[in-house]
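Let's walk through this structure together, from its outer surface to its interior. Please keep the sequence and the 3D view open side by side as you read.

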Amino acid sequence: QVQLVESGGGLVQAGGSLRLSCAASGHTFNIDAMGWFRQAPGKEREFVAAISWNGITHYADSVKGRFTISRDNAKNTVTLRMNSLKPEDTAVYYCAAAPAITYYTSQYHSWGQGTQVTVSS
């Protein structure tokens, strides 16, 4: 079992920045990739970014150039740095773990409980 805990959410004005962190614990040996997803009220959960164990990254088009994902394998943590935030970035952000880097929600086997990000205009 893998436990994931997100932190760093909050309320910011448009154009501001936040850094989200996710700490993994438990049986982390099988984690090859970690990703971030988000879900706004009434919307489906969507892919934001992912990173493999060796640093390969993928981003949703909506966040390219604004968000940066990074991973510290020694500490079993993943970070999402969010810059130039927009009101449409408002959502609950979830970190997740998968056996390989992927865009698809169904491929992730472990999920955190989420952290709220609210961007005011």
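**From the surface to the core**

A good place to begin is the outside: the chain has an accessible surface of about 6,400 Å², and carbon and sulfur atoms account for 49% of that area. Please keep in mind that you are looking at a predicted model.

Now for the overall build. If you colour the view by secondary structure, you will find 11 strands and 0 helices in the chain. Following the sequence from start to end, the pattern reads β-β-β-β-β-β-β-β-β-β-β. The radius of gyration of the chain is 13 Å, close to the 14 Å that the globule rule gives for 121 residues, so the chain is as compact as a globular protein of that length. Measured out along its principal axes, the C-alpha trace spans about 40 × 25 × 20 Å.

How do the parts of the chain meet one another? Take the contacts between residues at least 6 apart in sequence: 58% of these join residues at least 24 apart.

Let's move inside. Of the 121 residues in the chain, 40% are buried. In soluble globular proteins, nonpolar side chains tend to be buried together. Here, the largest nonpolar core has 34 residues, and Trp36, Leu80, Met82 and Tyr93 are those with the most contacts inside it. Many strands feed this core: E1 (2–7), E3 (18–26), E4 (33–39), E5 (46–52), E7 (67–72), E8 (77–82), E9 (91–98) and E11 (115–120) each supply at least two of its residues. Which strand gives the largest share of this core? That is E9, with 6 residues.

Strand E9 also brings us to a covalent link. The structure holds 1 disulfide, and this bond joins Cys22 to Cys95, with an S to S distance of 1.9 Å. Cys22 lies in strand E3 and Cys95 in strand E9, so the pair ties together parts that are 73 residues apart in sequence. If you zoom in on the bond, you can check its handedness: the torsion about the S-S bond of Cys22 and Cys95 is about 50 degrees, so the disulfide is right-handed.

Are the two cysteines buried or exposed? Cys22 has a relative accessible area of 1%, which makes this residue buried. Cys95, at 0% relative accessibility, counts as buried too. Both values fall under the 20% cut-off for a buried residue.

Conventions
Residues are numbered from 1 along each chain as its sequence is written. This is a predicted model: local features need pLDDT of at least 70, side-chain atom pairs count only at pLDDT 80 or more; totals for chains, interfaces and linings use all residues. Side-chain values use heavy atoms; hydrogens and water are left out. A nonpolar core is a set of buried Ala, Val, Leu, Ile, Met, Phe, Trp, Tyr and Cys residues joined through side-chain atoms within 4.5 Å. Buried means under 20% relative accessible area, exposed over 50%, partly exposed in between (1.4 Å probe, protein chains only). Helices (H or I, at least four residues) and strands (E, at least two) are DSSP runs, numbered from the N terminus. A disulfide is a pair of cysteine sulfur atoms within 2.5 Å. The radius of gyration is taken over C-alpha atoms; the globule rule is 2.2 Å times the number of residues to the power 0.38. Contact means heavy atoms within 4.5 Å. Accessible areas come from the Shrake-Rupley method with a 1.4 Å probe; for residues, only the protein chains shown count as cover.
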